[in-house]
Amino acid sequence: MTRHLRFIGTDSKNGGCPALHEDLESGEVIVQGRPLTDPADLARLQHFGPDDAAVVVPRELLVNHAPKEMEHVPKLISPEEFGQLFHNFKHSAWHLETRRRYASDEQDEDYAVFLRTGEAPMDLDSDWCRNIAAQTAAGKYVGRVRVVDTPPTDGQRFLLSYARSNAATGEDARNMWRDDADRAHLPAEDFWIFDSRLVAVLRFDEQDEWHDVEVITEPAAVLRYVQVRDAAVAASAPHDVFAAQLGAE
């Protein structure tokens with residue numbers, strides 16, 4: 001079975017090895033590096049089995065990027081604390097949306113309007129829109145990339161239509177196809193990055209209901225999410241360009 005791997009980090013300056021990945025299900029760490037092939041060197045390794053492979057990696061790779069704890073204990077915040085992040089960030093807030101369905105959207109009366117008319121209503125006087133408009137008017141950056149399936153789900157089509165409201169508040173609202181997200185090695189996670197120093201990971205249950213938020217502030221972990229942001233923005237298109245492409249198919 002294919003492992004569910006997440007890139008941890010690399011000290012490479014030119015995009016090659018060495019690098020670390022982790023298996024999100026087993027917790028195992030996969031080390032990618034230059035193979036150790038000299039027979040004399042291999043003969044000196046202890047507990048080296050016939051099916052084992054040895055790789056050479058710089059010490060700083062493990063110091064800088066290897067997980068420091070045996071068991072990850074998430075730090076959770078309340079919905080109220082999460083909401084305050086959108087009022088208190090200093091210069092940037094960015095969101096990756098990867099889910100095929102959000103149960104909360106389907107409970108919104110605007111979703112029912114969209115199913116009837118094919119267009120999500122614009123309510124720029126909502127608390128969300130007024131706050132984001134105020135933040136962007138103050139010179140702060142707010143952006144998001146939404147991952148879309150082929151064909152899009154009803155929930156994704158609703159959000160693509162709602163992106164008109166996102167853009168009207170000054171957001172950099174963008175979309176990308178899931179195949180492109182896979183090629184860019186984006187994680188199947190929903191999260192916000194605030195000021196490139198704090199990550200809020202949104203966690204959902206099996207019914208697609210949002211139930212809590214995990215906050216990450218460890219610098220190496222935040223850097224991994226920032227790298228995801230850069231890759232997603234580079235591989236995505238503005239919502240209106242994406243919508244035009246979708247309508248032409």
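## Sheet and strand order

Two strands are taken to pair if DSSP finds at least two bridges between them. In this predicted model, S6 and strand S12 (residues 210–216) satisfy that criterion, being joined in the antiparallel sense over three bridges. Within this pairing, Lys75 stands opposite Val215 of S12, while Leu76 has Glu214 as its bridge partner in S12.

The wider arrangement is an open sheet of eight strands, ordered S6-S12-S11-S10-S7-S8-S9-S13, with mixed pairing. Its edges are formed by strand S6 (75–77) and strand S13 (237–238), each of which pairs on one side only.

## The S11–S12 hairpin

S11 and S12 run antiparallel and are joined by six bridges; Ala200, for instance, stands opposite Val215 in S12. Val215 is thus a residue that faces Lys75 and also faces Ala200. The two strands form a hairpin with five residues between them, and in the turn Asp208 has a positive phi of about 65°.

Is S12 enclosed by the rest of the structure or left open? Five of its seven residues are buried, so S12 is largely enclosed by the rest of the structure.

## Helices on the sheet

Helix H3 (residues 79–88) lies across S6, strand S10 (190–194), strand S11 (198–204) and S12, and the helix runs at about 50° to S10. Helix H7 (residues 154–168) also packs on the sheet, where it touches strand S7 (92–97), strand S8 (141–148) and strand S9 (172–177), with its direction making about 165° with that of S8.

Helix H9 (residues 219–235) can be checked against an expected length: at 1.5 Å a residue, its 17 residues should span 24 Å, and the C-alpha atoms at its ends are 24 Å apart, which agrees. The buried residues of H9 are Ala220, Ala221, Val222, Arg224, Tyr225, Val226, Val228, Arg229 and Ala232, a list that includes the arginines Arg224 and Arg229.

## Nonpolar cores

The largest nonpolar core holds 24 residues, of which Ile77, Phe82, Leu85, Phe158, Trp192, Phe194 and Ala200 touch the most other members. Two or more residues come from each of H3, helix H5 (109–117), helix H6 (127–137), H7, S10, S11 and S12, and the greatest contribution is that of S11, with four residues. Ala200 therefore belongs to this core under the definition of a set of buried residues joined through side-chain atoms within 4.5 Å.

Apart from this core lies another, of 18 residues, among them Met176, Val199, Val228 and Ala232. Val228 and Ala232 also appear among the buried residues of H9.

## Surroundings of Phe158 and Ser161

Leaving aside residues up to four places away in sequence, Phe158 touches Asp105, Asp110, Tyr111, Phe114 and Ala120. Ser161, which is found in helix H7, touches Phe114, Gly118, Glu119 and Ala120 when neighbours up to four places away are likewise not counted. Phe114 and Ala120 are thus contacted by Phe158 and by Ser161. With a relative accessible area of 11%, Ser161 counts as buried, because it falls under the 20% cut-off.

## Cysteines

How many disulfides does a search of the whole structure find? The search finds zero. Two cysteines can be described by their accessibility: Cys17 counts as partly exposed because its relative accessibility is 40%, whereas Cys129, with a relative accessible area of 2%, is buried.

Methods. Residues are numbered from 1 along each chain as its sequence is written. This is a predicted model: local features need pLDDT of at least 70, side-chain atom pairs count only at pLDDT 80 or more; totals for chains, interfaces and linings use all residues. Side-chain values use heavy atoms; hydrogens and water are left out. Contact means heavy atoms within 4.5 Å. Axes are lines fitted to C-alpha atoms, for helices over the stretch in contact, and angles run from 0 to 180 degrees between N-to-C directions. The expected span of a helix is 1.5 Å times one less than its number of residues. Buried means under 20% relative accessible area, exposed over 50%, partly exposed in between (1.4 Å probe, protein chains only). A disulfide is a pair of cysteine sulfur atoms within 2.5 Å.
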